[in-house]
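Dear colleague,

Please find below the structure that I am handing over to you. My findings on its salt bridges and on one helix packing follow directly after it.

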Amino acid sequence: MSSALHPPAAAPRQPDLTPGDWLEAGQSLLRRGGLKALKLRPLAEELRVSTGSFYHHFADFDGYQGALAQYFAQDQVTDMVDAIRRATADPVDRIRLLAQTVRRRGMSRLSIAMRAWAESDPRAQAAVERHDDLLMAFLTDCLEQAGFANEEAGVRAYALIALGLGKVHAPHLDMETLMEQLIRILCVPPAK
């Protein structure tokens, strides 16, 4: 038969999407292109569905954006921190595991995109603040358990978060070992 009679098959439709699938897809778009990339058509294309299927989960795009901000602020961080706490009791290993998880999931790029969005949307601003509060509390707790006083632990937690957001060009440094060196400097108290 002629191929003109049978057009190419469309990409397979994602079965039974959940609101979480839409939120993850939105985060993927934010990571790659920032807020300007977060639009309904690219979002539907990311999931290989029609734009109409979006409305099975969200009343409108504004509501979706609010849910996306909330997801970044609460559920995602809480689930990640809980999993890390279950994975190891050692506080420095928890920080190391957090750094690995953030790197593997591309969460630094997402956090940078969320911070840019927060400049123009109070929901995103509140989400970033909540996200930072949760991470600061987790890291401060880990650092206190490692032996630092509360104030010093807070300063070091801040430094770790700021380092995670940095995009510094430093070709003379070995990027494979840099995070471990930074963890050793910031998270291991000096021997007494």
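I begin with a salt bridge in the predicted model that joins E152 and R156, whose closest N and O atoms are 2.7 Å apart. Both residues belong to helix α7 (residues 150-165), and because they lie 4 residues apart there, about one helical turn separates them. The two partners fall into separate classes of accessibility. E152 is partly exposed, its relative accessible area being 37%. R156, at 17% relative accessibility, counts as buried, because the limit for that class is under 20%.

This pair belongs to a wider set, since searching the whole structure yields 8 salt bridges. Two further pairs deserve your attention, as does one network.

The pair R32 and E46 also forms a salt bridge, with 2.7 Å between the closest N and O atoms. Here the link is between distant parts of the chain: R32 sits in helix α1 (residues 19-33) and E46 in helix α2 (residues 40-47), 14 residues apart. With a relative accessible area of 52%, R32 is exposed, whereas E46 is partly exposed at 30% relative accessibility.

R115 and D132 form another salt bridge, and their closest N and O atoms are 2.6 Å apart. This pair, too, connects distant parts of the chain, with R115 in helix α5 (residues 107-118), D132 in helix α6 (residues 122-146) and their positions 17 residues apart. R115 is partly exposed, at a relative accessible area of 22%.

As for the network, its salt bridges link D62, D121 and R123.

I now turn to the helix packing. Helix α3 (residues 61-87) and helix α4 (residues 91-105) have axes that come within 10 Å of each other and cross at roughly 135°. The two helices are therefore oblique to each other. The crossing in which α3 passes α4 is right-handed. On the α3 side, the contact is made by M80, I84, R85 and A87, and on the α4 side by R94, L97, L98, T101 and R105. By residue class, this contact of α3 with α4 comprises 5 nonpolar, 1 polar and 3 charged residues.

When you open the model, I would suggest viewing the E152 and R156 pair within helix α7, and then the two pairs that link distant parts of the chain, R32 with E46 and R115 with D132. The contact between α3 and α4 may follow.

With kind regards

Methods: Residues numbered from 1 in each chain as written. Predicted model: local features only at pLDDT ≥ 70, side-chain atom pairs only at ≥ 80, totals over all residues. Heavy atoms only, no water. Salt bridge = Lys/Arg side-chain N within 4 Å of Asp/Glu carboxyl O. Buried < 20%, exposed > 50% of the residue type's maximum accessible area, 1.4 Å probe, protein only. Axes fitted to C-alpha atoms, helices over the stretch in contact; angles between N-to-C directions. Parallel < 35°, antiparallel > 145°, perpendicular 65-115°, else oblique. Left-handed = near helix turned anticlockwise from the far one by under 90°. Contact = heavy atoms within 4.5 Å. Nonpolar A, V, L, I, M, F, W, Y, C, P; charged D, E, K, R; others polar.
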